[in-house]
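This report goes through one protein model, from its helices to its metal site. The sequence and structure come first, and the description follows.

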Amino acid sequence: MAQVKDIVTPEEELLQLYELQKIHSKIDEIRVLQGELPDEVQDLEDEMAGLETRISNLETELNQLNTQITNYNITIENAETLIAKYEKQQMNVKNNREFDAISKEIEMQHLDIELAKKRTRDTLRDIETKKQYLQESQKRRDVKRRELDNKKKELEVIITETAKEEQELVHKAAEQMGHIKERLLAAYNRIRNTYRNGLAVVPIERDSCGGCFGKIPPQKQIEIAQHKKIHLCEHCGRILVSPYIDPEYGDVEHDEELL
Ligand SMILES: [Zn+2]
């Protein structure tokens with residue numbers, strides 16, 4: 001731990017604390033990012049699993065439909081065999097009654113053939129539709145798979161990079177803590193742990209607290225801007241600083257990203 005300087009003005013102290021806050025906010029941001037990335041991969045994996053199930057169901061359905069076609073063909077063949085047999089019998093009948101009875105049988109077999117042919121046509125249409133659907137699903141799955149592979153690679157890179165950045169920031173934060181008096185640091189940590197966004201030191205923004213957006217009276221704003229002592233937001237208890245304390249003030253984008 002670095003030595004705390006003996007003579008530190010309240011303004012310097014606040015600036016150091018604000019610097020610490022900025023380091024911590026960057027660490028928080030990285031941790032949020034690290035938490036969100038695996039979710040993205042998980043979402044893609046879930047989507048992939050859904051598509052795989054759909055594809056496998058379609059394949060099963062197509063197999064069943066093809067079996068049906070085979071069965072219809074068998075029905076037709078059997079009927080044709082029977083018709084041939086009946087037609088032979090008809091040549092040897094003894095009377096009209098027998099002839100008519102066989103004719104009826106033949107007619108029945110023709111009806112069976114017609115029905116099987118109609119069912120075959122319907123099933124073939126069904127197969128066409130399902131095949132198209134299967135192809136679309138396979139295409140979508142292939143796209144998703146590539147997306148997932150890329151996401152995973154991207155994730156690995158980001159994880160490595162952010163872990164390094166995080167480590168550096170944690171080191172920097174520890175160093176920065178050495179510049180701050182213990183009592184103030186304890187207060188800072190207490191406030192920081194109170195809020196989920198981890199903000200303990202916030203600048204005034206548009207006459208309001210940058211943490212809870214509670215209004216700050218003009219007189220108090222003037223006092224805060226002087227940075228002669230620590231001022232807490234009366235609404236949320238966060239430590240308030242004037243935005244002008246920040247040497248990077250004016251870099252609005254940076255500020256908005258941070259807070
Ligand atoms: Zn507040």
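Is Gln109 buried or exposed? With a relative accessibility of 12%, Gln109 counts as buried, because the cut-off for buried is under 20% relative accessible area. The model is a predicted one, and the values below are computed from it.

## Surroundings of Gln109

Gln109 belongs to helix α2, which covers residues 96–177. Leaving aside residues up to four places away in sequence, Gln109 touches Ala79, Leu82, Ile83 and Tyr86. Helix α1 is made up of residues 10–91.

## Two partly exposed acidic residues

Glu175 is also in helix α2. Its relative accessibility is 49%, so Glu175 counts as partly exposed, since exposed would require over 50%. Between Glu175 and Arg54 there are 55 Å from C-alpha to C-alpha, with a separation of 121 residues in sequence.

Asp39 is a residue of helix α1. The relative accessible area of Asp39 is 46%, and Asp39 is therefore partly exposed. Asp39 and Leu185 lie 146 residues apart in sequence, and their C-alpha atoms are 34 Å apart in space.

## Packing of α1 against α3

Helix α3 comprises residues 182–194 and packs on helix α1. The angle between the two is about 35°, and their axes are 12 Å apart. The crossing of α1 past α3 is right-handed.

On the α1 side the contact involves Glu13, Leu17, Leu20, Gln21, His24 and Asp28. On the α3 side the residues are Leu184, Leu185, Tyr188 and Arg192. Leu185 is thus one of the α3 residues that meet α1, while its C-alpha is 34 Å from that of Asp39, another residue in the model.

## The four-stranded sheet

Four strands form an open sheet in the order β2-β1-β4-β3, and the pairing is mixed. Strands β2 and β3 are at the edges with a single partner strand each, so each has one side without a neighbour in the sheet. Strands of a sheet pair through backbone hydrogen bonds, in either a parallel or an antiparallel manner.

Strand β1, residues 201–205, is mostly covered, with four of its five residues buried. β1 runs parallel to β4, and three bridges join them; Pro203 has Val241 in β4 as its bridge partner. β1 runs antiparallel to β2, with two bridges between them, and here Ile204 is partnered by Cys209 in β2. At the β3 edge, two bridges join β3 to β4 in an antiparallel pairing. The partner of His231 there is Leu240 in β4.

## Positive phi angles

β1 and β2 make up a hairpin with two residues between them. Arg206, in the turn, has a positive phi of about 50°. Asp207 is in the loop between β1 and β2 and has a positive phi of about 65°, although it is not a glycine. Asp207 has a relative accessible area of 41%, so it is partly exposed.

His227 is not a glycine either, and its phi is positive at about 55°. The loop between α4 and β3 holds His227. In contrast to Asp207, which is partly exposed, His227 is buried, with a relative accessible area of 3%.

## The zinc site

Which residues supply the protein donors of the zinc ion? The donors are the SG atoms of Cys209, Cys212, Cys233 and Cys236, at 2.2 to 2.3 Å from the ion. The angles that the four donor atoms subtend around zinc are 107 to 112°, and the arrangement is therefore tetrahedral. The spacing of the donor residues in sequence is C-x2-C-x20-C-x2-C.

Cys212 is in the loop between β2 (208–209) and α4 (218–226), and Cys233 is in the loop between β3 (231–232) and β4 (239–241). The pair therefore ties together parts that are 21 residues apart in sequence. Cys212 has a relative accessibility of 30% and so counts as partly exposed, whereas Cys233, at 3% relative accessible area, is buried. Cys209 connects the site to the sheet: Cys209 is a zinc donor and also the bridge partner of Ile204.

Definitions and conventions: Residues numbered from 1 in each chain as written. Predicted model: local features only at pLDDT ≥ 70, side-chain atom pairs only at ≥ 80, totals over all residues. Heavy atoms only, no water. Donors = N, O, S within 2.8 Å, 3.2 Å for Na, K, Ca; no water. Tetrahedral: all angles 85-135°; square planar, octahedral: opposite > 155°, others 65-115°. Buried < 20%, exposed > 50% of the residue type's maximum accessible area, 1.4 Å probe, protein only. Pairing = 2+ DSSP bridges. Axes fitted to C-alpha atoms, helices over the stretch in contact; angles between N-to-C directions. Left-handed = near helix turned anticlockwise from the far one by under 90°. Contact = heavy atoms within 4.5 Å.
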